[in-house]
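The exercises below are meant to be worked with the sequence and the coordinates side by side. Each one sets a task, and the solution then proceeds in steps.

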Amino acid sequence: MIVRSYGWRKAKSLVMIALVVACVGVALVPLVSILAYVTVRGATALNFAFLTQLPKPVGETGGGMANAIVGTLILLGLACCVSLPIGIFSGVHLAEYGKGWFSKLVRFITDVLTGVPSITVGIFVYTVIVLPMRSFSAIAGGIALGIIMVPTVTKTTEEMLRMVPRSLREGAWALGVPRWRTIVSVVIPTAAGGIVTGILLAVARVAGETAPLLFTALGNRFWHSGLGQPIAALPLQVFAYAISPYDDWQAQAWAGAFVLTAMILIVSIVVRIVARGRHITTR
Amino acid sequence: MSGATEGVLVERLSAWYGRVQALKEVDMDVPPNRVTAVIGPSGCGKSTLIRCFNRMHETISAARVCGKVILNGVDIYSPEVDPVQIRRSVGMVFQRPNPFPTMSIFDNVAAGIKLTRFHRGSELAESVERSLRRAALWDEVKDKLKDSGVALSGGQQQRLCIARALAVDPGVLLMDEPCSALDPIASYKIEELITELRGDYTIVIVTHNMQQASRVADHTAFMLAGEDGIGKLVEFGETKQVFTNPRDKRTEDYITGRFG
């Protein structure tokens with residue numbers, strides 16, 4: 001009896017393991033095929049000119065998306081300028097001083113903002129920035145992406161600061177270190193690895209945003225001529241080229257998608273390295 | 001250097017965590033430049049008591065204090081006193097070693113100076129070495145001052161924390177069960193160190209270990225939570241007297257192991 005029931009349990013276990021493995025396989029199929037497809041289609045269309053040249057006019061072959069690559073980097077930089085101060089300071093406030101009704105409200109709004117569709121942010125920025133400025137602009141695009149980043153940055157900052165044990169704060173307070181100085185010199189450095197990880201993940205997320213850029217940054221076939229002017233971005237360029245009727249444009253869209261994916265991959269690798277370094281320091 | 005002459009005079013000190021009272025009307029005169037042990041079973045308010053001596057108690061939300069703690073003739077709870085300033089003259093060592101993980105050994109010891117006042121580089125190095133020597137850690141770490149503080153063993157980390165506390169020249173040093181997370185040899189080293197520091201600092205040490213109290217302390221306070229769960233001071237006197245000839249029946253019961 002005992003022997004039989006053990007055999008039965010082993011059989012059940014085997015079936016379950018098989019099921020779990022099968023599900024993982026099914027989940028991996030679309031992921032791997034997307035990556036493989038982007039790589040195959042993108043890498044074949046990718047060349048040095050693509051990374052260094054402007055788009056060619058309709059009808060001419062060759063050219064590249066250098067302006068869009070630079071544009072995406074500029075937009076991400078602007079987005080960081082907008083979101084990091086707001087997000088980090090809000091996170092510090094919530095984690096260190098967040099007790100009253102105000103903090104509850106901020107926390108609630110942050111949660112809501114995390115779920116707001118990015119196109120909504122786009123419309124908002126269009127109404128508030130683009131219309132009064134009477135121009136699509138890099139600034140508007142950067143602000144839109146920044147607004148999308150803020151809740152993520154706020155949340156990770158708060159969570160990482162909360163993970164710093166109270167004993168470290170007490171250790172600093174016991175030395176007569178004022179509260180703000182404890183936060184700046186002990187708590188934030190201890191949580192820095194996690195905060196940087198969160199920021200980079202937020203950057204990676206907005207790097208591929210297209211919808212909010214459609215009516216803020218607009219896109220540009222040339223090098224940008226100032227932050228107050230429309231600017232090219234990889235996702236926009238990919239969109240424009242992918243729906244075009246020309247074969248070579250479509251190929252370039254794949255190359256653009258590939259470059260964008262590679263940029264995000266690089267960010268993810270940096271995240272891994274930063275996160276690992278953090279485990280060593282806090283042991 | 002310290003050369004402190006102040007003791008800690010406690011008058012009718014009560015403490016609460018929200019609505020829960022943890023400490024009731026403690027009166028105690030901690031003598032200067034001596035070691036005073038606070039013993040008693042878990043939950044009798046020992047830690048709460050010493051956390052009132054550097055106003056650490058009130059950092060917990062809803063915690064409050066009533067009564068007086070007089071240091072250098074000043075009641076540290078009078079409204080014009082800045083708790084941050086008080087903590088610069090009353091050092092504290094915690095149950096678990098808590099070196100700052102992002103800082104090197106050197107920076108850990110220097111932290112109190114660096115983060116609280118203007119300083120010169122040379123002065124800093126000097127005071128770090130002096131503090132590490134006082135904490136009997138210098139010889140073990142002098143070649144790796146740039147290493148991370150958390151790479152040290154538990155006992156070394158605790159001595160690092162003691163060095164860190166000494167670096168700001170406190171007159172009073174509070175120790176909240178400093179050996180409870182350490183093995184016997186590391187505990188022994190801490191005890192030796194306490195004996196070394198005796199005479200230069202007013203030391204108050206909370207301990208679960210009665211042998212430890214009898215070995216290191218000049219005076220011993222015995223605390224106990226009453227029927228109501230509120231911690232009170234039962235007996236305070238010279239260690240020898242408390243352990244060999246306790247005035248209170250409850251002290252005797254505790255020391256002879258009849259409860260607790």
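**Exercise 1. Determine in which sense strands E6 and E7 of chain B pair, and over how many bridges.**

Solution. In this predicted model, strand E6(B) and strand E7(B), the latter covering residues 172–176, pair in the parallel sense, and four bridges join them. As a next step, look for the partner of a single residue: Met92(B) stands opposite Leu174(B), which belongs to E7(B). Finally, follow the side chains along E6(B), residues 90–93, where Val90(B) and Met92(B) point one way while Gly91(B) and Val93(B) point the other way. The residues on both of these sides are buried.

**Exercise 2. Describe the side of chain B that touches chain A, starting from how many residues each chain gives to the contact.**

Solution. The contact draws 24 residues from chain B and 18 residues from chain A. On the chain B side, the elements that supply two or more residues are helix H2 (83–89), E6, helix H3 (105–114) and helix H6 (154–166). Of these, H2(B) gives the most, with four residues. Sorting the chain B side by class then yields 11 nonpolar, nine polar and four charged residues.

**Exercise 3. Examine the positive phi of Asn33(B) and that of Asn72(B), and decide for each residue whether its surroundings make it buried or partly exposed.**

Solution. Most residues other than glycine have a negative phi. Asn33(B), although not a glycine, has a positive phi of about 55°, and Asn72(B), likewise not a glycine, has a positive phi of about 55°. The next step is to place them: Asn33(B) is found in the loop between strand E2 (20–30) and strand E3 (35–39) of chain B, whereas Asn72(B) lies in the loop between strand E4 (63–71) and strand E5 (74–75) of that chain. For the surroundings, a residue counts as buried if 20 or more other C-beta atoms lie within 10 Å of its own. Asn33(B) has 20 such atoms within 10 Å and is therefore buried, while Asn72(B) has 14 within 10 Å and is therefore partly exposed.

**Exercise 4. Work out what the radius of gyration of chain A says about its overall form.**

Solution. Begin with the secondary structure, which in chain A comes to 11 helices and zero strands. The radius of gyration of chain A is 24 Å, well over the 19 Å that the globule rule gives for 283 residues, so chain A is more spread out than a compact globule. Along the principal axes, its C-alpha atoms fill a box of roughly 70 × 65 × 35 Å. Then turn to the domain assignment, which gives domain 1 (2–45) and domain 2 (52–282). The C-alpha centres of these two domains of chain A lie 33 Å apart, and six residues of domain 1 are in contact with seven residues of domain 2. The domain 1 side of that contact has three nonpolar, two polar and one charged residues.

**Exercise 5. Locate Ala217(A) and characterise its surroundings.**

Solution. Ala217(A) has its place in the loop between helix H9 (211–214) and helix H10 (234–242) of chain A. With 34 other C-beta atoms within 10 Å, Ala217(A) is buried. Its C-alpha atom is separated by 4.9 Å from that of Ser137(A), although the two residues are 80 residues apart along the chain. Leaving aside neighbours within four places in sequence, Ala217(A) is in contact with several residues, among them Leu75(A), Phe136(A), Gly141(A), Pro230(A) and Leu236(A).

Key. Residues are numbered from 1 along each chain as its sequence is written. Chains are lettered from A and ligands numbered from 1 in the order in which they are written. The radius of gyration is taken over C-alpha atoms; the globule rule is 2.2 Å times the number of residues to the power 0.38. A residue is buried if 20 or more other C-beta atoms lie within 10 Å of its own, exposed if 12 or fewer, and partly exposed in between; C-beta atoms are placed from the backbone. Two strands pair if DSSP finds at least two bridges between them. Two residues are in contact if their C-beta atoms, placed from the backbone, lie within 7 Å. Ala, Val, Leu, Ile, Met, Phe, Trp, Tyr, Cys and Pro count as nonpolar, Asp, Glu, Lys and Arg as charged, and the others, Gly among them, as polar. Domain bounds come from an automatic or database domain assignment.
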